[in-house]
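Q: Please take a close look at one part of this molecule and explain what it packs against. Then place that part within the whole, defining each term as it arises.

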Amino acid sequence: VNAVYVQALDSAARLAAAIGDAADVRQWSAQAVSVKNAVNQRLWNPSTGVYDPSNSIHGAVVQDANVMAILSGIATPQSARRILEVLERVLATPYGPTVATSNATGYIRDISPYMGSFNVLADFAAGDEAAALALMRQEWGFMISHDPDGVDWERIEPDGIPAGTSGSLMIADSSAHAWSTGPTAEIGRAHV
């Protein structure tokens, strides 16, 4: 939430600059810096090498808080690649990274192609095209090669089956999920 707020403040400051409103540029830019500083002071966990998901959950490694910290500019460019390396190592499965470690209260430990899309964006933002392409091949390549219709699933369980399935009966999740197609637009940025 903090990362999205920083993005909104930065966008508002750019809009204010476009219309020549210097007072709002200063106000919103200062507020964005204030939130970034607070997140770095209160949520950065040097023992894990990533941001904690909240003030109440410490020591867990989660995908969303960290990739959004990179994309919003909360994480410095120097720390972004290190954060992504921790996520890649700690959240690894053969099918893509899970959204969280098991000690992350309130998180389901599935693979989320939706959040994985932001992970791809963060890899590109950190300047690691190879990691972005590797994640696309791993997570989306797996779905395409294992789905009879070659579609993107809403979630993947850690054992590689579509989340919410029981045999061939879909219980809760979508087997053809539009939010899981995020990397499609990024292929144009890559040198595949």
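A: Two residues are in contact when heavy atoms of theirs lie within 4.5 Å. Helices (H or I, at least four residues) and strands (E, at least two) are DSSP runs, numbered from the N terminus. The model is a predicted one, in which local features need pLDDT of at least 70 and side-chain atom pairs count only at pLDDT 80 or more, while totals for chains, interfaces and linings use all residues. Residues are numbered from 1 along each chain as its sequence is written, and side-chain values use heavy atoms, with hydrogens and water left out.

The part chosen here is helix α1, which covers residues 2–18. Two packed helices are described by the angle between their axes and the distance between the axes. The axes are lines fitted to C-alpha atoms, for helices over the stretch in contact, and the angles run from 0 to 180 degrees between N-to-C directions.

Consider α2 as a partner of α1. The axes of these two helices come within 8 Å and cross at roughly 160 degrees. This makes α1 roughly antiparallel to α2. Angles over 145 degrees count as roughly antiparallel, those under 35 as roughly parallel, those from 65 to 115 as roughly perpendicular, and the rest as oblique. The crossing of α1 with α2 is left-handed, a term used if the near helix is turned anticlockwise from the far one by less than a right angle, whereas a clockwise turn is called right-handed. On the α1 side, the residues that take part are Asn2, Tyr5, Val6, Leu9, Asp10, Ala12, Ala13, Ala16 and Ala17. They meet Asp24, Val25, Trp28, Ser29, Gln31, Ala32, Val35, Lys36 and Val39 in α2. By class, this contact of α1 with α2 holds twelve nonpolar, three polar and three charged residues. Here Ala, Val, Leu, Ile, Met, Phe, Trp, Tyr, Cys and Pro count as nonpolar, Asp, Glu, Lys and Arg as charged, and the others, Gly among them, as polar.

Helix α1 also packs against α3 (residues 63–72), at an angle of about 15 degrees and with the axes 9 Å apart. These two helices are therefore roughly parallel to each other. Their crossing, too, is left-handed. Ala3, Val4, Val6, Gln7 and Asp10 of α1 meet Met68, Ala69, Leu71 and Ser72 of α3. In this contact of α1 with α3 there are six nonpolar, two polar and one charged residues. Val6 and Asp10 appear on the α1 side of both contacts.

What follows α1 along the chain? Aspartate 21 sits in the loop between α1 and α2 (22–42). With a relative accessible area of 26%, aspartate 21 is partly exposed; buried means under 20%, exposed means over 50%, and partly exposed lies in between (1.4 Å probe, protein chains only). Aspartate 21 is 156 residues from histidine 177 in sequence and 41 Å from it in space, C-alpha to C-alpha.

The partner α3 contains glutamine 63, which is buried, with a relative accessible area of 0%. Not counting residues up to four places away in sequence, glutamine 63 touches a list of residues that includes Leu87, Val99, Met115 and Asn119. Valine 99 belongs to the loop between α4 (77–90) and α5 (113–125). Valine 99 is buried as well, at a relative accessible area of 13%.

The two helices that flank this loop pack on each other: the axes of α4 and α5 come within 9 Å and cross at roughly 140 degrees, in a left-handed crossing. Arg81, Leu84 and Leu87 in α4 meet Asn119, Ala122 and Asp123 in α5.

Finally, consider the whole. The protein has seven helices and four strands, and from the N terminus on its elements run α-α-β-β-α-α-α-α-β-β-α. Its radius of gyration is 18 Å, close to the 16 Å that the globule rule gives for 192 residues, so the protein is as compact as a globular protein of that length. That radius is taken over C-alpha atoms, and the rule is 2.2 Å times the number of residues to the power 0.38. Buried residues make up 44% of the 192 residues. Among contacts with a separation of 6 or more, 57% join residues 24 or more positions apart.
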